[in-house]
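Please open the model in your viewer and keep the selection panel at hand. The stops below go from the whole chain to one helix, then to a single residue, and end elsewhere in the chain.

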Amino acid sequence: MQQQTTTSTDSPTPQLENHSDSESNLHTSTDSPTPDVNVGKTSTDILRDVILWKRKSFTVAALLAATAIWLALEVYGLTFITLFSWIAMFLIVSTFLWGNIHMLLGKEPLDMSRMYISDESVVEAGIKFRESVENSLRFLFNVSTKREWFVFAGTVASLGLLSVVGSYLDLLTLLYIGIVMGLTVPVVYVKYEDRIKDLGQRARVRCHIYNSAATERCRMYYSSIAERVEKMKSKLQQKKKKKNE
């Protein structure tokens, strides 16, 4: 009887150990794919984080790089090939020195396994490019075919303003201004979104009021001109009748 009791008390322990092992395996299996999801999310949202100043170091580095390139090409008169060669030489020398310093200090070599372009990123880039082309074509057809006068007038006015500004500035300066505006305007819009929407709504209401007033005046002028033309026609017809009589 004692042997039976000992066996009965000792028997659940391996089952519990196996159960705990299975739970640990389940935890490891469920926890393993989470880094890949986080990596995918961060890789797709880097540009948005840079534009919205969520990664201030990258945004400041982009502004400084754009400013340095514009100064080197526009102010100091360097050519693009010369500047590109200097930047490439600086990167190669810096990576060479960094790798040799790591080896001299006895540290592990740099892990270059993560520096690759995954298939998912290429597919996402292709999808985004296709969506941007489709949206631009839809916008073009909406402006050209549908009767959206405000969108049509805004598009034509913006293109005219761009042509006027482009006559005074070169392409490099326009690209630099576009980069600076792209890194500043979205942040200001997100910060003051409610105020900007309120001002835009007020501007739309005023534009509709002015448009309705202008159309009413045009209709009044058209009706008055039509009445005058009819009166002139009736007078001419009366004169012809009198002459015939």
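What follows is a tour of a predicted model, one selection at a time.

**The whole chain.** Begin with everything selected and coloured by secondary structure: the protein has 10 helices and 0 strands, so that the order of elements from the N terminus reads α-α-α-α-α-α-α-α-α-α. If you then switch to a surface, about 21600 Å² is exposed, with carbon and sulfur atoms supplying 66% of it, while 6% of the 245 residues count as buried. Among contacts between residues at least 6 apart in sequence, 48% join residues at least 24 apart.

**The annotated segments.** Next, select residues 58-77, 83-105, 149-168 and 174-192, which an unreviewed UniProt entry lists under "transmembrane region". Two of these segments can be examined further here. Residues 58-77 are 90% helix and 0% strand, with end C-alpha atoms 27 Å apart, and residues 174-192 are 95% helix and 0% strand, with end C-alpha atoms 26 Å apart.

**Helix H9.** Now select residues 171-191, which form helix H9, and draw a distance between the C-alpha atoms at the two ends. The separation is 30 Å, which agrees with the 30 Å that 21 residues should span at 1.5 Å a residue. Centre the view on Met181 and look along the axis, for H9 bends there by about 30°.

Which residues of H9 are buried? They are Thr173, Tyr176 and Leu183, and it is worth showing their side chains before bringing in the surroundings. An α-helix has 3.6 residues a turn, so residues three or four places apart point the same way. To see what covers the buried residues of H9, add helix H4 (46-51) and helix H5 (56-75), which are included in that cover.

**Thr173.** Stay in helix H9 and select Thr173, which counts as buried because its relative accessible area of 11% is under the 20% cut-off. Once neighbours within four places in sequence are left aside, Thr173 is in contact with Trp70 and Glu74, so display those two side chains along with it.

**The cysteines.** Finally, select Cys207 and Cys218. How many disulfides does the structure hold? The number is 0. Of these two residues, Cys207 is partly exposed, with a relative accessible area of 37%, whereas Cys218 is exposed, because its relative accessible area is 51% and the cut-off for that class is over 50%.

Definitions and conventions
Residues are numbered from 1 along each chain as its sequence is written. This is a predicted model: local features need pLDDT of at least 70, side-chain atom pairs count only at pLDDT 80 or more; totals for chains, interfaces and linings use all residues. Side-chain values use heavy atoms; hydrogens and water are left out. Helices (H or I, at least four residues) and strands (E, at least two) are DSSP runs, numbered from the N terminus. The expected span of a helix is 1.5 Å times one less than its number of residues. The bend at a residue is the angle between axes fitted to the seven residues ending there and the seven starting there. Buried means under 20% relative accessible area, exposed over 50%, partly exposed in between (1.4 Å probe, protein chains only). Contact means heavy atoms within 4.5 Å. Accessible areas come from the Shrake-Rupley method with a 1.4 Å probe; for residues, only the protein chains shown count as cover. UniProt positions are given in the numbering used here, feature names are shortened, and annotations may be inferred rather than shown by experiment. A disulfide is a pair of cysteine sulfur atoms within 2.5 Å.
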